[in-house]
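Trainee: Please take me through this chain, and then look closely at the part of it where the interior is packed. I should like one connected account that I can follow against the model on the screen.

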Amino acid sequence: MVLYPKTILDYNDLIKKLLQHNISSVNAINPFWNENGQMFLDPDGYRIVISPLKAVISEIE
């Protein structure tokens, strides 16, 4: 699953919260996601990517 936060601020905030809750990022098998987001494991072991690719710089845009 890939999640695309609406703004870069949302992306940064989400990544920060995941890391603060000791949810470690993992390396993706596909290098595209290592370069264009961060991958995390959910409690069931599914991989979730948080990607800034569709995020805008601010909500005004």
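Mentor: The radius of gyration of the chain is 12 Å, and a compact globule of 61 residues would have one near 10 Å, so the two agree. This radius is taken over C-alpha atoms, and the globule rule is 2.2 Å times the number of residues to the power 0.38. Along the principal axes, the C-alpha atoms fill a box of roughly 35 × 25 × 15 Å. The model is predicted, so local features need pLDDT of at least 70 and side-chain atom pairs count only at pLDDT 80 or more, while totals for chains, interfaces and linings use all residues. Numbering starts from 1 along each chain as its sequence is written, and side-chain values use heavy atoms, with hydrogens and water left out.

The chain has 2 helices and 4 strands, which follow one another from the N terminus as β-α-β-α-β-β. Both kinds of element are DSSP runs numbered from the N terminus: helices are H or I runs of at least four residues, and strands are E runs of at least two. Contacts, meaning heavy atoms within 4.5 Å, often link distant parts of the sequence: of those with a separation of 6 or more, 45% are between residues 24 or more positions apart.

The strands form an open sheet in the order S1-S4-S3-S2, with mixed pairing. Its edge strands are S1 (2–3) and S2 (25–26), each of which pairs on one side only. Two strands are said to pair if DSSP finds at least two bridges between them. S1 and S4 run parallel and are joined by 2 bridges; within that pair, leucine 3 has isoleucine 50 of S4 as its bridge partner. S3 and S4 are antiparallel, with 4 bridges, and here glutamine 38 is bridged to isoleucine 50 of S4. Isoleucine 50 is thus a bridge partner of leucine 3 and of glutamine 38. S2 and S3 are also antiparallel, over 2 bridges, with serine 25 partnered by phenylalanine 40 in S3. The hairpin of S3 and S4 has 5 residues between the strands, and glycine 45 in its turn has a positive phi of about 90°.

Helix H1 lies across S2, S3 (38–41) and S4, running at about 40° to S3. For this angle, axes are lines fitted to C-alpha atoms, for helices over the stretch in contact, and angles between N-to-C directions run from 0 to 180 degrees.

The part to examine closely is the core. The largest nonpolar core consists of 5 residues, namely Tyr11, Ile15, Leu18, Phe40 and Ile50. Helix H1 (residues 8–20) gives the most to this core, with 3 residues. Such a core is a set of buried Ala, Val, Leu, Ile, Met, Phe, Trp, Tyr and Cys residues joined through side-chain atoms within 4.5 Å. Buried means under 20% relative accessible area, exposed means over 50%, and partly exposed lies in between, using a 1.4 Å probe and protein chains only. Of the 61 residues, 25% count as buried. In soluble globular proteins, nonpolar side chains tend to be buried together.

Two members of the core show how helix and sheet meet. Leucine 18 touches Ile23, Phe40 and Ile50, leaving out residues up to four places away in sequence. Tyrosine 11, in helix H1, counts as buried because its relative accessibility is 11%. Beyond its neighbours within four places, tyrosine 11 is in contact with Pro5, Gly37, Gln38, Ile50, Ser51 and Pro52.

One of those contacts, serine 51, is found in the segment after strand S4 (47–50). Serine 51 has a relative accessible area of 0% and is therefore buried. Its contacts, again without residues up to four places away, are Val2, Leu3, Tyr4, Pro5, Tyr11, Trp33, Asn36 and Gly37. The side chain of serine 51 also reaches the backbone nitrogen of leucine 53 at 3.2 Å.

For contrast, consider two other sites. Aspartate 13 also lies in helix H1, but its 36% relative accessibility makes it partly exposed. Asparagine 22 lies in the loop between H1 and S2 and is exposed, at 69%. Asparagine 22 also has a positive phi, near 60°, in a residue other than glycine.

How values were computed. A polar contact is a pair of N or O atoms within 3.5 Å; within protein, one must be able to donate a hydrogen and the other to accept it, and residues adjacent in sequence count only if both atoms are side-chain atoms.
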